[in-house]
Amino acid sequence: MAEAAAQSSAMRRRETACAKVNFGLRVLGRRADGYHLIESVLVPVDLADEISVEVAPSRDSRVDFECRVAPDAEGVEGFPEGKSNLAVQAADAFLKESRRPLAVSLRLLKRIPVAAGLGGGSSDAGAVLRALDALVPGALAPHQLASLALSLGADVPFFLAPGAARVEGVGERLSPIRGFPELSLVLANPGEGLSTGSVFEAWDSLAPALTAADPGSTLRSLSDWLGLDPGDSARRKLRLREVLENDLEESARRLCPSIDRIQRALLEWGADGVGLSGSGATSFGVFASESKAKEAIRQFALRGDGWARLARTLPGR
Ligand code: ATP
């Protein structure tokens, strides 16, 4: 995932900050502090931001930040360009926790659409922590790094070392899934951002009782699906629907009714199954081949609203 900058000394690193999709999401309850307990399978995909992190000795700690939107990006707007950007917050928190006076310089190239359920901000934060951990080895113990990541956001621990994983709790309990397949996806968004907080609030008002799902159901459906004969496409499609079940979908649809239209279109254009990523509004279709996924993109372009792009799940660990 990381690669030292070719010409650099040990003081600069370039990181790829990938997006994620959720293969299913169950809301299992709510803690007394209002945080929701979830179970999900997070899968990294090849749509990514790029971030360069440089550190230099300094009398005092400071973080300097520059950000650009990639020319091929869509849906990348409305993210903070200053102190409240999660990349900057991650660097600030690292310097504070490690008590190292360093000058950190961050250069971010954004490509992951914002407030789309694809984890862009969390991924940038995870990438900054990864880079600083490599550039200042031993500044924080692994458990300190992990709790710092969680303090920045529920998905940040996943992005410290992205790889398909089952996620539990509020996002802090991660179990790697080995050998997750490389799949062709189409990510599609109606062109609207959705705030995660408002989707959970809508879930609270719709479902004061806990979901009927049993803990463990996400992973069980996934292993059943992965274990099916690849030739048995009818059963695979049926089982994929269970895998992709997302308890936040109903509340996300109420706030953004176009999700329904996007998902129906993806199925019409040949997806084997369709899921909502996180709290949306991005949906994704799972396609049997890249050529089928490309054909769906072509259909989407003809219709011309929102955005759609091809993606692949990143190879398993
Ligand atoms: P969540 O992690 O809340 O599910 P998401 O994946 O739907 O988020 P993000 O793109 O991470 O969406 O944006 C969530 C919010 O974080 C946005 O309102 C945005 O203004 C803010 N934000 C802070 N830093 C960043 C960043 N580096 N990139 C994108 N958004 C950021």
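Me: Which ligand atom does a backbone N or O atom of leucine 86 approach, and at what distance?
Reply: Bear in mind that this is a predicted model, where local features need pLDDT of at least 70, side-chain atom pairs count only at pLDDT 80 or more, and totals for chains, interfaces and linings use all residues. Residues are numbered from 1 along each chain as its sequence is written, and side-chain values use heavy atoms, leaving out hydrogens and water. The backbone atom of leucine 86 pairs with a nitrogen atom of the ligand, at 2.9 Å.

Me: How much of the ligand's accessible area does the protein cover?
Reply: Accessible area here is Shrake-Rupley with a 1.4 Å probe. On its own the ligand has 600 Å². The protein covers 78% of that.

Me: What distance separates a polar side-chain atom of asparagine 85 from a nitrogen atom of the ligand?
Reply: Asparagine 85 is listed among the residues that come nearest to the ligand, together with Gly117, Gly119, Gly121 and Thr196. Its polar side-chain atom and the ligand nitrogen are separated by 2.8 Å.

Me: Which helix gives the largest share of the shell around the ligand?
Reply: The shell holds 19 residues, where a residue counts as near if one of its heavy atoms lies within 4 Å. Helices are DSSP runs of H or I with at least four residues, strands are E runs of at least two, and both are numbered from the N terminus. With 4 residues, the largest share comes from residues 120-135, helix α2.

Me: What radius of gyration does the protein chain have?
Reply: The radius is taken over C-alpha atoms, and the globule rule is 2.2 Å times the number of residues to the power 0.38. For 317 residues, a compact globule would come out near 20 Å, and the chain agrees with its 20 Å.

Me: Where is the arginine 99 with a positive phi?
Reply: Arginine 99 isn't a glycine, yet its phi is about 55°. Its place is the loop between α1 (86-98) and β5 (102-110).

Me: Which peptide bond is cis, with omega near 5°?
Reply: Alanine 281 lies in the loop between β9 (273-276) and β10 (283-287). The cis bond leads into this residue, running from glycine 280 to alanine 281.

Technical notes
A polar contact is a pair of N or O atoms within 3.5 Å; within protein, one must be able to donate a hydrogen and the other to accept it, and residues adjacent in sequence count only if both atoms are side-chain atoms.
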